Each structure stands twice: as C-alpha cells, then as structure tokens.
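Welcome, and please open your viewer. We will take a walk through one protein chain, stop by stop, and at each stop you will hear what to select.

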Amino acid sequence: MEKTKKLTLDRPATYQIKVPGHIGESWSDWVGGMTITVESEGDGPPITTLTGTLDQAALQGLLRRLYA
C-alpha cells in the first residue's frame, strides 16, 4: 500500500510560480535557486515560470520580493 504525502505547512513543498516578464538565469540565487523558465506565447509578453521546493518562510519571502 502506497502512502500519499499530505501537504502541510511545516514541510517544504514544490511550487510553480508564474510571473509576467522576463527573469534571467542570473537571478537564480535571488529566487532561492529555483529553476527559471521563460516562455512567450505568440506575440504576447514573456512569462517567467519559477519551479522549486521551498518551505513556507522561503515562499513568503520570495513572493514579497517578486511583488514589492
């Protein structure tokens, strides 16, 4: 029988955060070492996707930096 991992606030979890615009690889340390992928759909503006595993404190800090 396989155990299902339950999402809790006391353990790191994997997140995928999408933000408008282009965030380059040089920002990798700034975003906590998350993987940075930039995509454009058609003629639209680029969208940066940040993917990585963070605890709740790191996630809150990252979101504050992104939206400050």
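The tour below starts with the whole chain and then moves from the sheet to the helix and the core.

**Stop 1: the whole chain**

Begin with everything shown as a cartoon, and keep in mind that this is a predicted model. You should find 1 helix and 3 strands. Follow the chain from its N terminus, and the elements come in the order β-β-β-α. Now switch on a surface: the accessible surface amounts to about 5,400 Å², and 54% of that belongs to carbon and sulfur atoms. The chain has 68 residues, of which 29% are buried. If you draw contacts between residues at least 6 apart in sequence, 57% of them join residues at least 24 apart.

**Stop 2: the sheet**

Select the 3 strands together. In what order do they lie in the sheet? The order is S1-S3-S2, in an open sheet with antiparallel pairing. Strand S1 (13-20) and strand S2 (35-39) are at the edges with a single partner strand each, so one side of each has no neighbour in the sheet. On average, neighbouring strands here are turned by 20° against each other, ignoring direction.

Next, look at how the strands are joined. S1 and S3 are paired in the antiparallel sense over 8 bridges. S2 is joined to strand S3 (residues 47-54) by 5 bridges, and these two also run antiparallel. For a landmark, pick Leu-50 in S3: this residue is the bridge partner of Ile-17, and it is also the bridge partner of Ile-36.

**Stop 3: the two faces of S1**

Colour S1 by residue. Which residues make up its covered face? They are Ala-13, Tyr-15, Ile-17 and Val-19, while Thr-14, Gln-16, Lys-18 and Pro-20 form the uncovered face.

Stay in S1 and select Val-19. Is Val-19 buried or exposed? Val-19 has a relative accessibility of 5%, so it counts as buried, the cut-off being under 20%. Beyond its neighbours within four places in sequence, Val-19 is in contact with Ile-47, Thr-48, Leu-66 and Tyr-67. Try the distance tool on Val-19 and Leu-66: they are 47 residues apart along the chain, and their C-alpha atoms are separated by 8.3 Å.

**Stop 4: two residues of S3**

Move to strand S3 and select Thr-49. Thr-49 is buried, with a relative accessible area of 7%. Setting aside residues up to four places away in sequence, Thr-49 touches Gln-16, Ile-17, Lys-18, Thr-35, Ile-36 and Thr-37.

Now choose Ile-47, also a residue of S3. Ile-47 counts as partly exposed, at 35% relative accessibility. Apart from neighbours within four places in sequence, its contacts are Lys-18, Val-19, Gly-21, Thr-37, Val-38 and Glu-39. The C-alpha atoms of Ile-47 and Ile-23 are separated by 8.7 Å, with their positions 24 residues apart along the chain.

**Stop 5: the helix**

Select helix H1 (residues 56-67), which lies across S1 and S3 and runs at about 5° to S1. How far apart are its end C-alpha atoms? They are 17 Å apart, which agrees with the 16 Å that 12 residues should span at 1.5 Å a residue.

Show side chains on H1 and pick out Gln-56, Leu-59, Gly-61, Leu-62 and Leu-66, which are buried. The buried residues of H1 pack against S1 and S3. For a contrast, select Ala-57, also in H1: Ala-57 is exposed, with a relative accessible area of 58%. The C-alpha atoms of Ala-57 and Asp-10 are 9.7 Å apart, although the two residues are separated by 47 residues along the chain.

**Stop 6: the core**

For the last stop, turn to the largest nonpolar core, which has 13 residues. Which of them touch the most other members? Select Ile-17, Met-34, Leu-50, Leu-62 and Leu-66 to see them. S1, S3 and H1 are the elements that give two or more residues to this core, and S1 gives the most, with 4 residues.

Finish by centring the view on Ile-17. Leaving out neighbours within four places in sequence, Ile-17 is in contact with Met-34, Thr-48, Thr-49, Leu-50, Leu-59, Leu-62, Leu-63 and Leu-66.

Conventions: Residues numbered from 1 in each chain as written. Predicted model: local features only at pLDDT ≥ 70, side-chain atom pairs only at ≥ 80, totals over all residues. Heavy atoms only, no water. Pairing = 2+ DSSP bridges. Axes fitted to C-alpha atoms, helices over the stretch in contact; angles between N-to-C directions. Contact = heavy atoms within 4.5 Å. Buried < 20%, exposed > 50% of the residue type's maximum accessible area, 1.4 Å probe, protein only. Core = buried A, V, L, I, M, F, W, Y, C linked by side-chain atoms within 4.5 Å. Areas by Shrake-Rupley, 256 points an atom, 1.4 Å probe, with all protein chains shown as cover. Expected span 1.5 Å × (residues − 1).
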